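User: I'm new to reading protein structures, and the vocabulary trips me up. Can we go through some terms and see how each one is earned?

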Amino acid sequence: MLPNFDYVRPKSVRAAVAQLSADGARAHAGGTDLLGCLRERILPTGRLVSLNDLRELQGVSETAEGGLRIGALTTLSALAEHPVVRKRYAGLAQAASEVGSPQLRNQGTIGGNLCQKPRCWYYRADFTCLRKGGGSCFAVDGENQFHCIFGGGGVCFIVHPSDTAPALAAFNATVRVVGPKGVRNVPLDKFFVLPEVDVQRETVLARGELVTEIRIPPPGPGTRSSYRKVRARRAWDFALAGVALALRFEGRRVVDGRVVLSGAAPVPWSSTEAEQALRGRELTAEVVAAAAKAATAGAEPLEKNGYKIPLIQGMIADELTRMSA
Ligand SMILES: Cc1cc2nc3c(=O)[nH]c(=O)nc-3n(C[C@H](O)[C@H](O)[C@H](O)COP(=O)(O)OP(=O)(O)OC[C@H]3O[C@@H](n4cnc5c(N)ncnc54)[C@H](O)[C@@H]3O)c2cc1C
């Protein structure tokens, strides 16, 4: 059962910021993650602040520089189907279309997708883990088959649940945040927080702040992109592992680009090792194999999630081979 709370629907971003500045206030976009968190008593709240009357948070448009502006309330379906996204940012369209089910994509927003809470079953269940203010991470010696192989830092082993975040990171997106102290533009790579920095928060958002839009620069000429997700079953499910690629080619040679993993770390995980293995090279079988191997350099699997290493390597090798054809 849902707890009691006030529900407000501000008509401007300024009013929303004022409402969100109250103790325990939470932003409500599509509600597909939030309502579950309230029901499961993970997030205490006295006030829900609906963002749904904020027209400036709607829609996708091209910017004067040739990039893209995505309002935080854009649904994942709208993003997946947008013709410019599909044509120029194919990896992002694929990532949005891989989220949950059609119903979730029709209701869920891109802002909510970035700000959703982790899916660790200890966190979601009745365990007072570190992230909920307790004294230990139950995944360390527990059922850790779906947990991270990078970035746990010996503290907390969640994986970041978002499919769109790695794709946005691969396109070097920036998040526009509005709060009581004004506006700040945060590169997506700096938007998420590792457990060793602060185990009780997933993003840099401070009290009263909300995401209003995401901006993506124009992809350079010759950019090809994709998002590949592997899940345990064919129905809706979160990623066991995934990879977002955005690579810029000159002829058959990769000039530069990004390789960002999902399902692997508490934040979208940039594989600088794989990026380096690809830079300046043609995608021969040897280069593909070396980049796939490099992507898991430094991985620290727990007792039950070592399978993620060959899974990630195979997935990257497959995607690069497909891209080179
Ligand atoms: C069965 C199921 C399957 C799912 N499968 C997937 C999946 O495969 N991949 C995936 O990525 N996600 C998945 N999700 C998670 C969720 O549905 C999506 O992430 C969705 O995009 C969340 O968006 P929303 O608008 O519903 O967010 P909400 O539920 O409204 O909000 C989620 C969180 O973000 C905060 N928030 C929302 N908007 C803003 C904003 N503009 N600024 C600041 N904070 C904000 C809220 O306060 C809340 O804490 C699944 C969820 C369910 C229930």
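Analyst: Sure, let's take the labels one by one; keep in mind that this is a predicted model.

User: Let's start with the rings. Why is the pair F150 and W269 called stacked?

Analyst: Two values decide that. Ring centres have to lie within 6.5 Å to pair, and planes under 30 degrees apart count as stacked. For F150 and W269 the centres are 5.2 Å apart and the planes meet at 15°, so the pair passes both tests and is stacked. A search of the whole structure turns up seven aromatic pairs.

User: And what makes F150 and W269 a tie between separate parts?

Analyst: Look at where each one sits. F150 is in the loop between α8 (121-124) and α9, while W269 belongs to strand β12 (residues 269-270), so the pair ties together parts that are 119 residues apart in sequence.

User: How do you know whether F150 is buried or exposed?

Analyst: Buried means under 20% relative accessible area. F150 comes in at 5%, so F150 counts as buried.

User: Then why does W269 get another label, and which one?

Analyst: W269 has 22% relative accessibility, so it counts as partly exposed. That label covers values between the 20% limit for buried and the 50% limit for exposed.

User: What about S324, buried or exposed?

Analyst: S324 has a relative accessible area of 18%, which is under the 20% limit, so S324 is buried. You'll find S324 in helix α12 (residues 308-324). Not counting neighbours within four places in sequence, S324 is in contact with R224, R252 and L283.

User: Which ring cluster is there around Y122?

Analyst: Ring pairs join Y122 with F127 and F138 into a cluster.

User: Now the empty spaces. What makes something a cavity here, and how many are there?

Analyst: A 1.4 Å probe has to fit inside but be unable to get out. The structure holds two cavities of 30 Å³ or more. The largest has about 70 Å³ of space, and the second largest has a volume of about 40 Å³.

User: How do you know what kind of residues line the largest cavity?

Analyst: Sort the lining by class: eleven are nonpolar, none is polar and one is charged. Y122, F138 and R131 are among the lining residues. Arg counts as charged, so R131 is a charged member of that lining.

User: And which classes line the second largest cavity?

Analyst: Eight nonpolar and four polar residues, with no charged ones. W269 is one of them, and so is G263. Gly counts as polar, so G263 belongs with the polar residues. Both α9 (164-170) and β11 (253-262) supply at least two residues of this lining.

User: What is the volume of the second largest pocket, and what lines it?

Analyst: Its volume is about 420 Å³. The lining has 22 residues, and R119, F146, D237, F238 and A239 lie nearest the centre. By class, 13 are nonpolar, five polar and four charged.

User: Last one: what makes a group of residues a nonpolar core?

Analyst: The members must be buried residues of nonpolar kinds, joined through side-chain atoms within 4.5 Å. The largest such core has 53 residues, and I70 and L168 are among those with the most contacts inside it. Helix α9 gives the most to this core, with five residues. Another core, of 29 residues, lies apart from it and includes I149, F249, L283 and I312. In soluble globular proteins, nonpolar side chains tend to be buried together.

Methods:
Residues numbered from 1 in each chain as written. Predicted model: local features only at pLDDT ≥ 70, side-chain atom pairs only at ≥ 80, totals over all residues. Heavy atoms only, no water. 1 Å grid on protein atoms, 1.4 Å probe; cavity = no way out; pocket = protein on both sides within 12 Å on 5 of 7 lines; lining within 4 Å. Points joined across faces, edges and corners; volume = space filled by probe spheres on them. Helix = DSSP H or I, 4+ residues; strand = E, 2+ residues; numbered from the N terminus. Buried < 20%, exposed > 50% of the residue type's maximum accessible area, 1.4 Å probe, protein only. Phe/Tyr/Trp six-rings, centres within 6.5 Å; stacked < 30°, edge-to-face > 60°. Contact = heavy atoms within 4.5 Å.
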